[in-house]
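Hi there,

Here's the structure I said I'd pass on. Have a look at it first, then read my notes below.

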Amino acid sequence: MYLKDFMDMDQLQKIQDMFSDATGLAAIAVNQDGEYITKGSNFTDFCMKYTRNSPEGNRRCVKCDNECKGVYYCHAGLMDFASDIIVNGEKMGAIIGGQVLPNEPDLEKFEQIASELGINPKNYVEAVQKVPVSNEKAIRAAAQLLCDTVNEMANLAYVRWKNANEIEIIENEMDNLTKSVKNITDKTKELETIASRQNMLTLNASIEAARAGEVGVGFAVVAKQMGELSRHSSDIYKNIKEASTVISGSINKINSAI
């Protein structure tokens with residue numbers, strides 16, 4: 001199961017975009033397979049065009065992606081974050097981002113990093129000067145807020161989806177149960193008809209046994225037993241019919257409640 005199976009991805013994208021617009025932090029969501037499920041919000045050229053676009057820079061970035069959790073400093077000195085999206089106790093993906101500076105950049109330091117990564121220092125410095133700047137406390141608070149919000153959204157969406165599916169299953173089973181009760185009722189009516197015929201046969205047998213006198217004594221005993229069996233069967237059919245009526249009433253009440 002994936003987040004997209006029960007969660008509104010457009011709504012997630014909207015929340016993510018609003019977060020990035022308000023805080024300046026970049027953000028994107030991935031599923032449990034590491035595939036992007038939203039479009040990146042507020043991604044910087046410093047990270048995407050330069051750092052990750054160089055072999056050494058990308059190697060360092062991937063190392064951070066794989067090893068770092070929560071809010072952390074990346075290898076280039078920016079602050080990033082990564083938080084799992086947990087739904088019903090299972091990891092369904094993650095919300096990641098950051099790409100923001102906790103203070104004004106030390107340009108000489110970034111020139112040195114550019115040399116290490118094989119990037120034109122001038123372009124790299126120009127790019128870092130366009131990176132949003134905030135204080136560390138605000139960055140950590142903003143990242144935590146987004147992570148909590150996304151997790152709440154995902155779990156609420158899952159509960160709604162799960163309840164809707166369960167109601168559909170209940171409705172289908174109730175429909176099957178209704179058909180079964182109707183089938184029982186129909187068969188009970190058939191058995192009641194047979195019992196009525198048995199009563200007539202028993203009565204006729206008793207009359208014929210009486211006419212036969214002593215010769216029909218044995219036949220009279222059998223006729224009597226048949227009569228008792230028929231009356232007992234009628235009582236059983238009546239109880240089944242009453243039970244079916246009660247079940248049908250309960251089904252109707254459940255359907256109304258649903």
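Before the notes, one term: two strands count as paired if DSSP finds at least two bridges between them. Also keep in mind that this is a predicted model.

With that in hand, look at strand 3 (79-87) and strand 4 (90-100). They run antiparallel, and 8 bridges join them. If you want a spot to zoom in on, Ile 86 stands opposite Lys 91 in strand 4.

Now for the whole sheet. It's an open one made of 4 strands, in the order 1-4-3-2, with antiparallel pairing. Strand 1 and strand 2 (70-73) sit at the edges, each pairing on one side only. Going from one strand to the next, the twist averages 20°.

Next, find helix 1 (residues 9-23): this helix lies across strand 1, strand 3 and strand 4, and runs at about 155° to strand 1.

Then there's the pocket. The largest one has a volume of about 610 Å³. It's lined by 31 residues, and the closest to its centre are Tyr 36, Arg 52, Asp 65, Tyr 72 and Ile 96. Which elements give two or more residues to that lining? They are strand 1 (26-31), helix 2 (45-51), helix 3 (55-67), strand 3 and strand 4. Strand 4 gives the most, with 5 residues. So what kinds of residues are in the lining? There are 17 nonpolar, 8 polar and 6 charged.

Happy browsing!

Definitions and conventions:
Residues numbered from 1 in each chain as written. Predicted model: local features only at pLDDT ≥ 70, side-chain atom pairs only at ≥ 80, totals over all residues. Heavy atoms only, no water. 1 Å grid on protein atoms, 1.4 Å probe; cavity = no way out; pocket = protein on both sides within 12 Å on 5 of 7 lines; lining within 4 Å. Points joined across faces, edges and corners; volume = space filled by probe spheres on them. Nonpolar A, V, L, I, M, F, W, Y, C, P; charged D, E, K, R; others polar. Axes fitted to C-alpha atoms, helices over the stretch in contact; angles between N-to-C directions. Contact = heavy atoms within 4.5 Å.
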